[in-house]
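User: Hi! Could you walk me through some features of this model, with the cut-offs behind each term?

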Amino acid sequence: MVEPNRGADVVVVGGGSSGCVVAARLSEDPERSVLLVESGPGYRAVHDRRVRDYRALPVGPGSDYAQVYGVELTPGVASTMVRGRVLGGSGAVNGVYFVRGTRADFDRWPQAWSYENVLPAFRALERDIDFGGPWHGSSGPIPVRRQRSDRLSEISEAFLDAALERGYPEEPDKNGAGGGGVGPVPLNIDGDVRLDTAMAYLLPAWNRPNLTVESDTDVVRILFSGSRVVGVEVETAGVRRIVHAGRVVLAAGPVETPVLLMHSGIGVADHLMDNGISVILDSPGVGSNFSDHPQVTLPYRPRESLRRDTTSPPIETVLNTADIEIRPYTAPPAVLVPRSGQQDQVLGIGLMVPEGRGDIRLRSADRGDRPRIEYRYAQSESDRRAMRQGQAIGLDLLHSPALSRLVVPLYEEVSDRCMLAHLETSYHLCGSCRMGGSDDASAVVDERGEVRGVEGLTIADTSVFPSVPSRGPHATAVMVAERISTFLTQSRR
Ligand SMILES: Cc1cc2nc3c(=O)[nH]c(=O)nc-3n(C[C@H](O)[C@H](O)[C@H](O)COP(=O)(O)OP(=O)(O)OC[C@H]3O[C@@H](n4cnc5c(N)ncnc54)[C@H](O)[C@@H]3O)c2cc1C
């Protein structure tokens with residue numbers, strides 16, 4: 001049964017890292033009614049200590065706040081991938097690493113997103129506790145701080161010493177001029193809580209009469225009249241209804257945004273027809289050519305002398321060198337991800353500018369069927385070489401005087417075989433509905449986030465990134481949501 005609903009000027013689909021920003025910004029205008037629809041749990045979950053506790057990622061088996069997908073990392077290597085499914089989205093369950101994309105990243109984006117254009121938005125969204133000056137903001141919604149050197153866990157401190165001993169440059173501010181090196185990670189933590197966009201943006205706007213938040217509700221389809229968006233169909237506890245809207249802003253994240261478009265008739269035309277879905281718009285970029293950071297783990301055995309740490313953020317320091325990021329996790333996966341069961345503590349080795357591109361495709365027209373997600377990691381010799389180099393750098397650091405007194409690596413081999421045996425994803429999927437300039441025919445959205453070929457439909461999440469930035473995407477997601485909200489506000493004037 002489908003019941004009609006009174007509707008809103010704007011429906012924002014997905015209350016994740018980006019959607020909370022968009023809903024808060026667009027509802028600043030009291031004349032605009034905004035409805036935010038979120039699949040996962042709402043207000044009460046935002047205050048749940050499992051979400052607020054920044055030391056753990058609440059995405060293990062049985063989590064109330066995660067959606068799990070089966071994926072293929074590379075042919076022959078199956079795995080699982082999670083996304084946050086709660087108000088705050090993946091930002092509510094992530095590792096609180098809050099590092100901006102670099103100037104070199106934005107050189108690969110369309111002109112409207114040049115580094116000069118995005119820097120003011122990065123500054124405006126943050127309240128940096130440690131640094132001021134031309135790179136930083138002091139009054140934005142997201143607090144950013146780094147772990148003080150005298151509070152670093154023993155493993156982070158030894159890692160920092162090891163990288164400096166080996167001659168890597170020090171990078172005290174990873175949200176500064178760039179250039180790489182080893183240094184403390186900017187963290188979106190306030191006092192002792194994780195501060196995601198649900199807390200920083202949505203809660204302060206919660207009581208506005210023109211903002212409604214519906215949680216535990218799925219958007220199942222975008223509705224069109226010809227090529228004009230007229231609303232969405234939503235489902236709450238098995239009951240479907242129609243919500244009319246003048247504009248729909250998709251922020252369902254880089255998996256569900258393309259999936260929702262495909263279920264609504266926008267995507268690769270042949271693929272939609274194969275699944276019995278009527279085509280509204282043939283848009284070959286939907287779900288195509290996404291990128292993410294492969295991670296190879298280097299497990300180690302702690303020596304007796306290594307103090308167990310239960311109070312630190314998951315990553316306090318990283319080394320960025322060439323296109324590799326080395327991450328000394330502060331605790332074993334079993335501690336960082338409750339009920340995950342993996343006991344060996346690891347160095348993570350992320351390939352930050354991968355060549356590999358993946359695809360998301362429907363398995364059927366049934367919304368209950370999870371999509372097929374193929375990453376195609378490690379397919380090019382260049383990606384494999386970079387990951388082997390990363391393994392070699394990681395092993396060299398583990399054998400340094402500073403680290404070898406605390407840990408013993410559990411493998412020594414540097415090879416493709418060993419790399420594939422320890423392959424994971426960083427959960428940084430981006431670019432599944434890429435933006436592009438007017439000369440880029442396969443781009444799904446234009447430089448302002450408007451879906452090409454239809455009217456009244458915007459995408460404002462990590463799916464529009466041209467490619468995954470060379471740092472974790474969370475800070476860049478907030479910046480993109482801020483700027484697309486500004487574009488939407490300007491276009492109404
Ligand atoms: C476990 C994990 C750890 C990570 N660690 C880090 C880190 O430390 N640093 C970093 O930079 N990045 C990290 N990331 C990545 C980062 O958090 C994401 O890139 C970012 O949060 C994505 O933002 P988004 O707005 O695109 O999507 P999301 O934040 O995932 O939001 C999408 C929202 O839409 C909702 N939704 C989906 N479909 C529908 C629908 N049909 N109807 C209604 N609602 C819907 C979802 O429930 C979700 O709340 C991590 C990600 C994960 C999963």
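Here are a few questions and answers about a sheet, a hairpin, a pocket and a cavity.

Analyst: Happy to help! This is a predicted model, so local features need pLDDT of at least 70 and side-chain atom pairs count only at pLDDT 80 or more, while totals for chains, interfaces and linings use all residues. Residues are numbered from 1 along each chain as its sequence is written, and side-chain values use heavy atoms, with hydrogens and water left out.

User: Which strands stand at the edges of the open sheet with the order β4-β3-β21-β20?

Analyst: Strands here are DSSP runs (E, at least two residues; helices are H or I, at least four), numbered from the N terminus, and two strands pair if DSSP finds at least two bridges between them. The sheet has 4 strands and its pairing is mixed. Each edge strand has a single partner, so one side of it is left without a neighbour in the sheet; these strands are β4 (77-84) and β20 (359-361).

User: Which helix packs on that sheet?

Analyst: The helix touches β3, β4, β20 and β21, where contact means heavy atoms within 4.5 Å. Its direction makes about 45° with that of β20; axes are lines fitted to C-alpha atoms, for helices over the stretch in contact, and angles run from 0 to 180 degrees between N-to-C directions. The helix is α8, residues 253-263.

User: Which residue in the turn between β11 and β12 has a positive phi?

Analyst: β11 (residues 217-225) and β12 (residues 228-236) run antiparallel, joined by 8 bridges. They form a hairpin with 2 residues between them. The turn residue with a positive phi, about 65°, is Gly 226.

User: Which element gives the largest share of the lining of the second largest pocket?

Analyst: A pocket is an open set of points on a 1 Å grid over the protein atoms alone, with protein on both sides within 12 Å along at least five of seven lines; lining residues have an atom within 4 Å of a point. This pocket is lined by 25 residues, and both α4 (103-106) and β17 (317-321) supply at least two of them. The largest share, 3 residues, comes from α4.

User: How much space lies in the largest cavity?

Analyst: A cavity is a set of grid points where a 1.4 Å probe fits but cannot get out, and a volume is the space filled by probe spheres set on the points, which are joined across faces, edges and corners. Glu 256, His 263 and Arg 367 are among the residues lining this cavity. Its space is about 30 Å³.
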